[in-house]
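Here are some notes on the model, set out as numbered points for a colleague who has the coordinates open. Each point takes up one topic and stays with the residues and elements concerned.

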Amino acid sequence: MDLFNDLALGFSVALVPVNLLYGFLGVLLGTMIGVLPGLGPVATISILLPFTFGLQPQAALIMLAGIYYGAQYGGSTTAILVNLPGESSSVITAIDGNQMARKGQAGLALATAALASFLAGTFATLVIALAAPTLAEVALQFGPADYFSLMVFGLVAAVILAHGSVLKAIGMIVAGMLLGTVGIDVNTSVPRFTFGIPQFGDGMDFAVIAMGIFGIGETIVNLERTGATRVYMQKIKSLWPSLQDLRAMLPPAIRGTLLGSALGVLPGGGPVLASFSAYVLEKKLSRHPENFGKGAIEGVAGPEAANNGAAQTSFIPLLTLGLPSNAVMALMIGALMMQGLHPGPQLMRDKPELFWGLVASMWTGNLMLVILNLPLVGMWAKMLTMPYRFLYPAILIICCVGVYSINNSALDVLIAALFGFVGYLLYRLQCEPAPLLLGFILGPLIEENLRRALVISHGDPLVLVQRPISLTFLALTAVLVVVLCAPMIRSTRDKVFAEESS
């Protein structure tokens, strides 16, 4: 009964006209940036962070969340029609989706992606509604030592699941943690890494760094990608699948929904990992794996359900534990902090209208996305013909205005420009910048909870292993470290044995 009352509260918030409007703007923007390659949800949310400062917290979070899961829908449209994924999570959809389009089944592929995404979004939102309150009740029992161990576990898991070089991911996390320590230490009043600049006394502003690296940095990167996109699209005949098609797409959509919803909760997981995992699973379970890559409907339904399920369940650790599972969730924490709110179990207890309003908005947002994506397919494809040189000046102006509006400081604009150059360098060096944001958010929290735990225990570090919850997370962290180091140890051992045998 409590669940129904909570959901009634949520819909009373989500269906307020102004919140519906911001939810619609969020999913519309999400679809647009999903369609446009190179301008992902991280960059867009980074750019819009300062503009949410004047909004009510419910409207701000509903809009930003809509951008995130809306981008998963938009990315599949261009992946299917022109073999150009707008989102990295839609790369796998392009394999079979575009082949279906080439066979004259573009409408079926688009309908499959939309219906699978809607199914996954509806189920994942239900998972949030059922699981989050229980997890929040458990999280209220956490002490400082438990939070410290949980966040260390989250950072290590993010390294394990990060794309590319593990060493580079570790370097990005450490760099983010160092940036998070800039400012005057609240315990000792000693300035750290301020370099004598008074404005750094309060620390580096999260929105400035995010807009610099992802807003300005991504713009510079995209300017290097010259050449217009050529769109070849046949007339879409029918958008509604037959009964036989529904039978073929439903089982992989259900499996993708379950798999994606589970992977979305993991730190460092998310839509990309979920979509690739779902594709591999469907290919292994299929009676005709040779059809994959040639237009198999299972290759569209499974990954599309998985990436949308993961996008929405990634809100669970954010809302219940205050732990960001990916870069977008780190930006969400930044948005909450700008509103004077602290994510975690207290948020659900103290601001139930915010939590349940966000949950209810996911149902309304997914319904809006189905309506937006199918009838307007032609318009989304036309957007690909827009030259990027018309888009980037507007992005840079919005970034500069947004950064300046945070503190009315010209220094913030210069810092954002500097981090834009840093973001470009990271791209050139093939360093993923997302772990840097996680380190920036979690670093100060790790330090704060470690200090608090040591103060409570009078300086005894054994407090970290004396509490069962903390000990469990430290044990899991140790297991992850072993998993991380095992391939390197094995390769070194094989190399030594090879040298001895020779």
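1. The first point concerns a helix pair in what is a predicted model. The axes of helix H18 (residues 392-407) and helix H19 (residues 410-428) come within 8 Å of each other, and they cross at roughly 135 degrees. H18 and H19 are therefore oblique to each other, since an angle has to be over 145 degrees to count as roughly antiparallel. The crossing that H18 makes with H19 is right-handed.

2. A second helix pair deserves a look alongside it. Helix H8, which covers residues 166-180, packs against helix H20 (residues 434-456) at an angle of about 45 degrees, and the two axes are 7 Å apart. That angle makes H8 oblique to H20, because roughly parallel is kept for angles under 35 degrees. As for handedness, H8 passes H20 in a right-handed crossing.

3. Which residues form the nonpolar patch on the surface? The patch consists of Leu167, Ile170, Val174, Leu178, Phe193 and Phe195, which together have about 650 Å² of accessible area. Valine 174, one of these residues, lies in helix H8, and with a relative accessibility of 41% valine 174 counts as partly exposed. If you display this patch, it may help to keep H20 in view as well, given that H8 packs against H20.

4. The search for salt bridges across the whole structure finds six, and the following points describe some of them. Glutamate 447 and arginine 192 meet through their side chains in a salt bridge, with a distance of 2.8 Å from N to O. Glutamate 447 lies in helix H20 whereas arginine 192 lies in strand E2 (residues 191-192), so this pair ties together parts of the chain that are 255 residues apart in sequence. Glutamate 447 is partly exposed, having a relative accessible area of 23%, and arginine 192, at 23% relative accessibility, also counts as partly exposed.

5. Glutamate 447 has a further partner, since arginine 451 forms a salt bridge with glutamate 447 in which the closest N and O atoms are 3.8 Å apart. Because arginine 451 and glutamate 447 are four residues apart in helix H20, about one helical turn separates them. Arginine 451 is partly exposed, with a relative accessible area of 28%. Through salt bridges that share partners, Asp185, Arg192, Glu447 and Arg451 are joined into one network.

6. Another salt bridge links arginine 255 with glutamate 282, and here the closest N and O atoms are 2.8 Å apart. Arginine 255 lies in helix H10 (residues 243-264) and glutamate 282 in helix H11 (residues 271-285), so the pair ties together parts that are 27 residues apart in sequence. Is each partner buried or partly exposed? Arginine 255, at 31% relative accessibility, counts as partly exposed, whereas glutamate 282 is buried, with a relative accessible area of 3%.

7. A contact between distant parts of the sequence involves serine 149, which has its place in helix H7 (residues 144-161). The C-alpha atoms of serine 149 and leucine 474 are separated by 5.8 Å, although the two residues are 325 residues apart along the chain. Serine 149 has a relative accessibility of 0% and so counts as buried.

8. The last point is about backbone torsions. Most residues other than glycine have a negative phi. Glutamine 430, which is not a glycine, has a positive phi of about 60 degrees. Glutamine 430 is found in the loop between H19 and H20, and at 65% relative accessibility glutamine 430 counts as exposed. Histidine 458 likewise has a positive phi, near 60 degrees, in a residue other than glycine. Histidine 458 lies in the loop between H20 and helix H21 (463-466), and histidine 458 is exposed, with a relative accessible area of 76%.

How values were computed:
Residues numbered from 1 in each chain as written. Predicted model: local features only at pLDDT ≥ 70, side-chain atom pairs only at ≥ 80, totals over all residues. Heavy atoms only, no water. Patch = residues over 30% accessible without salt bridge, like charges linked within 9 Å, V, L, I, M, F, W, Y side chains within 5 Å. Areas by Shrake-Rupley, 256 points an atom, 1.4 Å probe, with all protein chains shown as cover. Salt bridge = Lys/Arg side-chain N within 4 Å of Asp/Glu carboxyl O. Helix = DSSP H or I, 4+ residues; strand = E, 2+ residues; numbered from the N terminus. Buried < 20%, exposed > 50% of the residue type's maximum accessible area, 1.4 Å probe, protein only. Axes fitted to C-alpha atoms, helices over the stretch in contact; angles between N-to-C directions. Parallel < 35°, antiparallel > 145°, perpendicular 65-115°, else oblique. Left-handed = near helix turned anticlockwise from the far one by under 90°.
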